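Subject: Structure handover

Dear colleague,

Please find below the structure that I am handing over to you, together with its sequence. My findings follow directly after it.

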Amino acid sequence: MHPYALLGLAIFAEVVGTSALKVSEGMSKLGPVVLVVVGYGLSFWLLSLTLLSMPVGLVYAIWSGVGIAAIALIGQFMFGETLTLGSMLGMGLIIAGIVVLQMSGTGSAAH
């Protein structure tokens, strides 16, 4: 499977795990707790596969940056949390940093 596809699945699994963490009520609800454990476990396994062909700095930047943005949006639309101008600016800077990493050739380095 293409490394970016694996990375996308890793991000999705992490976002599912983090969303379940929010609704687990302090890890007291079994269903969400299972989703947390499976989501994070699957995410890290997929990340490990991604790292076979992509540099760790780029992978982690994309995984964490896209995850942060996705969770912020989920927080706003599903949990009624507020995105401030500062938080949106910060996420934009994270995404800009990922783009700079990719354009600088960091994303094409092989192991």
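In this predicted model, the axes of α1 and α2 come within 7 Å of one another and cross at roughly 160 degrees. Helix α1 is therefore roughly antiparallel to α2, a description reserved for angles over 145 degrees. The crossing of these two helices is left-handed, meaning that the near helix is turned anticlockwise from the far one by less than a right angle, whereas a clockwise turn would make it right-handed. The axes are lines fitted to C-alpha atoms, for helices over the stretch in contact, and the angles run from 0 to 180 degrees between N-to-C directions. Two packed helices are described by the angle between their axes and by the distance between the axes.

The pairing of α1 with α3 can be described in the same terms. Their axes come within 9 Å and cross at roughly 40 degrees. That angle makes α1 oblique to α3, the word for angles that are neither under 35 degrees (roughly parallel), nor over 145, nor from 65 to 115 (roughly perpendicular). The crossing of α1 and α3 is right-handed. On the α1 side, the contact (heavy atoms within 4.5 Å) is made by Y4, L7, A10, I11, E14, V15, T18, S19, K22 and V23. On the α3 side, the residues are L58, V59, I62, W63, V66, G67, A70, I71, I74 and F79.

As to the conventions, residues are numbered from 1 along each chain as its sequence is written, and side-chain values use heavy atoms, with hydrogens and water left out. Because the model is predicted, local features need pLDDT of at least 70 and side-chain atom pairs count only at pLDDT 80 or more, while totals for chains, interfaces and linings use all residues.

Overall architecture

The protein chain has four helices and zero strands, and along the sequence it follows the pattern α-α-α-α. Helices here are DSSP runs of H or I with at least four residues, strands are runs of E with at least two, and both are numbered from the N terminus. The C-alpha atoms fill a box of roughly 45 × 35 × 15 Å, taken along the principal axes. Of the 111 residues, 33% count as buried; the term buried denotes under 20% relative accessible area, exposed over 50%, and partly exposed in between, with a 1.4 Å probe and protein chains only. The accessible surface comes to about 6,500 Å² (Shrake-Rupley method, 1.4 Å probe), and 77% of that surface belongs to carbon and sulfur atoms. Among contacts in the chain with a separation of 6 or more, 67% are accounted for by residues 24 or more positions apart.

Helices α2 and α4

How far apart are the end C-alpha atoms of α2? They are 30 Å apart, which agrees with the 30 Å that its 21 residues (30–50) should span at 1.5 Å a residue. The expected span is 1.5 Å times one less than the number of residues. The buried residues of α2 are P32, V33, V36, G39, S43, L46, L47 and T50, and what covers them includes α1 (3–23) and α3 (56–79).

Helix α4 gives a similar check: its 19 residues should span 27 Å, and its end C-alpha atoms are 27 Å apart, which agrees. G92 is found in α4 (residues 85–103) and counts as partly exposed because its relative accessibility is 36%. The C-alpha atoms of G92 and A69, 23 residues apart along the chain, are separated by 8.7 Å. Just after α4, G105 takes a positive phi of about 95 degrees.

Individual residues

T18 lies in helix α1 and counts as buried, at 19% relative accessibility. Leaving aside neighbours within four places in sequence, T18 is in contact with Y40 and I71. A5 is also placed in α1, but is partly exposed, with a relative accessible area of 35%.

In the loop between α1 and α2 lies E25, with a positive phi near 50 degrees in a residue other than glycine. E25 counts as exposed, at 52% relative accessibility. M27 lies in the loop between α1 and α2 and has a positive phi near 65 degrees, M27 being a residue other than glycine. M27 is partly exposed, at 42%.

Yours sincerely
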